[in-house]
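I opened this entry to look up how the chain is put together. I go from the whole to the parts.

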Amino acid sequence: MADNGKRRPLVAPKRDYKPAKAKPAKARSGKATSKASGAKSGFLTGLLPSFRRSKPKIKAPRKKPTGNILTRAVKWVVGGILRIIWWITFRVAVVLGIIIGTTTMFYYAKLPDATALMDDRQKGSVTLEDDTGQVFAWRGDQFGGLVHAKSVAPQLRNAVIATEDKRFYRHFGLSPRGILGAIRTNMREGRHPLKGHGGSTITQQVAKRVFFSEMGSIERKLKEVPMSLAMEIKYTKDEIMTIYMNRAYLGAGSHGFEAASQRYFSKSAAEVSVPEAAMLAGLLKAPSANAPTRSIGRAQDRADLIIDLMKDQGYLTDQEAAQAHANPAQLSEVAKARAGGYFADWIMESGPEFILKDSTEDLVIRTTFDKQVQKAAEDALTNVFETKVREGSKAQAAIIVLSPNGAVRAIVGGKKSGNAGEFNRATQAIRQTGSSFKPFVYATALQDGWRWDTRVVDEQFTINVPGSGPYTPKNYTKNHLGEISLTTALSKSINTVAVKVAVAVGLERVRETARGFGIQNELSNGPAMALGASESTLLEMTGAYAGILNQGVAVEPYGIEELTLQGDSKPLFVKTDEEPKQVISPKAARQLIYMMNQVVEGGTGGRSRIEGVENAGKTGTTQGARDAWYIGFNSDYVIGVWMGYDDNSKLTGVTGGGLPAEIWRETMVRVLDGKVPAPLPMDVPAKQPVAPQVAQENKQRRGNDTLRDLAEQIERDVKRLDKEAENVLKKVITGIFGGRN
């Protein structure tokens, strides 16, 4: 719209500006602020609206949401969850870090010096040497001595690292890569991710074995981490490796690589070859199952895997690995022989308990064990069972070989070579002795003045045993030979004569003789004792026969010559000769040896006879044929053989003079190995001088025996005639009176 033809400028209408009155501020003291202060405040306050209007704030344009509402909601939820997870994880990590750090410092403060962790065995080891000083067996927890990671053969240390922890010298006690690799391997092999391969470092394994071996897996794993960190801080890598190499169990009672190297290869851990090192490292997993003494093939297969690992990790060249594969490790001759298992167990059982069972020290025992004699006995038993015992038979046998002075040279406790702890039938089985007990009956009679040619009647008779009633001994053949000598009675194993003699000299006297020769088990009280109704062990009986060979002087079987602390030169114990105990006179013993020689030459022990060798012995078969014995000797060795079933069932077609005598002969032939022993210390009748007085007494005794036998025969004849006369008289009366009373 025009106004006088001129354009007027556009001007905003003028507004009155009246700033609002500022409220007076309260002073700190409670009074109103000054006017100047109030004016200034009011002025600024009044200007602010004008300032905002003059310079408005420019806002960025809002982005238009992308995607549909569902996608946006999912993103929002996921983002929230991730933020929560991060929030929790961060705080948990901080807390765990504090806990692990605190626990690590706690463990670090408690860790002892590294050398204190090298050996934790609760009991010491026992190293057993044979009669030549060569090691043949170990018992207890064997520890060959401390080794250092730098003192063992380099290939052994490399084999351990390649097998157990290839980044050992690069990590700080834990290996996440190793754990993830173990999980992947477990899943690939179809196992639970956390079962099978554990991925533990060598440091973690040391922590487990030293401190947490008794804990459950979860608790142990939780504690392994801070302990491993503490050990890495406290010890050097070589110290941790040294603890590991001394504490590892490697089978067959071996603790530490030095003990295992000595046990399997008879050499130090500093001297092992690449194949031997690989085999030892392979024992870290399943040491008992992979032990080369149990299965050399399995141990070699495991060693081949270790050799390949060593090659892959650069410890071996292709040529060195191929050479190691082509020449696998072999057991030493001592370890391969595995001889003397039963003998070693007997030493541990019979030795001083306060030393062998309670000591924490490592001991070395020099024994009476003879490896050649042991092998001879084992080969003999195997030969007889393979050639003369039906296949599949469960019958068992045991053998003891002694020197005349009682030194035990070999023990075979069963058909198979004895592993540690197996039942030893030679020393532990208590069985009835049968007729092998009879020499003690005749020893008592000879000591009382009877002679090898004293005659006794073999006949059926009955004894009234107080408290038991009538007892009638019977011969094995069910036949009777009439009047025979003591020598014939023993050689033919006549039961009736043995009982007659035992009753005549006194059962208590026979019991005393048997105890004097070393039979410690309880002996029966009745006359059946003379026929071996009592029980004993093969070791006891063989030792008692050694006393007969030893001119009537009692012999106690022994196996320990010296006992020494490992590393010491002075023995703690040395076998000394005990004061001899004369059970029967040498004269009685020499006659008894002759009588027992006739058992071999013309009696029940004929199958034990060796051409050109003077042997003496006695067979034994128990009631019901449940036990069969043959014990005999020459001037060099005393050998005892027992045969039977573990369940005490009856033997079929086996007597002491059969298979046991053959086992005895095969053993003695192998033990002698062509050597001819000296003649037996016996009085052969043709060479035995007889004094006139003794001859007269013997003649009178034989006369008395004859008169007594004649009187008994007359009495029997009179009774028979009386009976016949009575029968004749009855017939006459019947004929006269026709049967009327």
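Before counting, I fix the terms: helices (H or I, at least four residues) and strands (E, at least two) are DSSP runs, numbered from the N terminus. On that basis I find 24 helices and 16 strands in the chain. I keep in mind that this is a predicted model.

**Entry 1. The whole chain.**
I looked up burial next. Of the 741 residues, 45% count as buried. The accessible surface of the chain comes to about 41000 Å². Carbon and sulfur atoms hold 55% of that surface. I also checked how far along the sequence the contacts reach. Among contacts with a separation of 6 or more, 70% join residues 24 or more positions apart.

**Entry 2. The mixed sheet.**
I traced an open sheet of five strands, in the order β2-β1-β3-β12-β13. Its pairing is mixed. The edge strands are β2 (135–140) and β13 (573–574), and each pairs on one side only. Helix α14 (residues 341–350) packs on this sheet. I see α14 touching β1 (125–129), β2, β3 and β12. The direction of α14 makes about 50° with that of β2.

How many bridges join β3 to β12? I find five, between β3 (residues 363–367) and β12 (residues 560–565), and the two strands run antiparallel. One residue pair I noted: Val364 has Thr564 of β12 as its bridge partner.

**Entry 3. The antiparallel sheet.**
I then followed another open sheet of five strands, ordered β5-β4-β16-β15-β14. Here the pairing is antiparallel. β5 (408–412) and β14 stand at the edges with a single partner strand each, so one side of each has no neighbour in the sheet. The twist averages 5° from one strand to the next.

Is edge strand β14 mostly covered or mostly uncovered? Strand β14 (residues 616–621) is mostly covered, with five of its six residues buried. Helix α22 (residues 586–602) lies across β14 and β15. I read its angle to β14 as about 65°.

β14 pairs with β15 (residues 627–633) over six bridges, in the antiparallel sense. I marked two positions along this pair. Gly617 stands opposite Gly632 in β15, and Thr621 stands opposite Ala628 in β15. The β14 and β15 hairpin has five residues between its strands. Within that hairpin, Gly624 takes a positive phi near 80°.

**Entry 4. Helix α19 and the cores.**
I moved on to helix α19 (residues 495–505), which is mostly covered. Eight of its 11 residues are buried. I list them: Asn495, Thr496, Val497, Ala498, Val499, Val501, Ala502 and Val505. Gly506 follows α19 and has a positive phi, near 105°.

Which residues have the most contacts inside the largest nonpolar core? They are Phe440, Tyr442, Val497, Val501 and Phe633, in a core of 80 residues. I took Val501 from that group for a closer look. Beyond its neighbours within four places in sequence, Val501 is in contact with Val441, Tyr442, Ala445, Trp450, Val456 and Leu486. Apart from this core lies another, of 57 residues. Leu117, Met227, Leu250 and Ala299 are among its members.

**Entry 5. A helix crossing.**
I checked helix α3 (residues 154–164) against helix α7 (residues 237–247). Their axes come within 12 Å and cross at roughly 90°. Angles of 65 to 115 degrees count as roughly perpendicular, so α3 is roughly perpendicular to α7. From α3, the contact is made by Leu156, Val160, Ile161 and Glu164. From α7, Met241, Tyr244 and Met245 take part.

**Entry 6. Leu672.**
My last look-up was Leu672, placed in helix α23 (residues 659–672). Why do I call Leu672 buried? Its relative accessibility is 9%, and buried means under 20%. Leaving out residues up to four places away in sequence, I find that Leu672 touches Val613, Asn634, Asp636, Tyr637 and Pro677. I also took the distance to Tyr637. Leu672 and Tyr637 are 35 residues apart in sequence and 8.9 Å apart in space, C-alpha to C-alpha.

Note on methods. Residues are numbered from 1 along each chain as its sequence is written. This is a predicted model: local features need pLDDT of at least 70, side-chain atom pairs count only at pLDDT 80 or more; totals for chains, interfaces and linings use all residues. Side-chain values use heavy atoms; hydrogens and water are left out. Two strands pair if DSSP finds at least two bridges between them. Contact means heavy atoms within 4.5 Å. Axes are lines fitted to C-alpha atoms, for helices over the stretch in contact, and angles run from 0 to 180 degrees between N-to-C directions. Buried means under 20% relative accessible area, exposed over 50%, partly exposed in between (1.4 Å probe, protein chains only). A nonpolar core is a set of buried Ala, Val, Leu, Ile, Met, Phe, Trp, Tyr and Cys residues joined through side-chain atoms within 4.5 Å. Accessible areas come from the Shrake-Rupley method with a 1.4 Å probe; for residues, only the protein chains shown count as cover. Angles under 35 degrees count as roughly parallel, over 145 as roughly antiparallel, 65 to 115 as roughly perpendicular and the rest as oblique.
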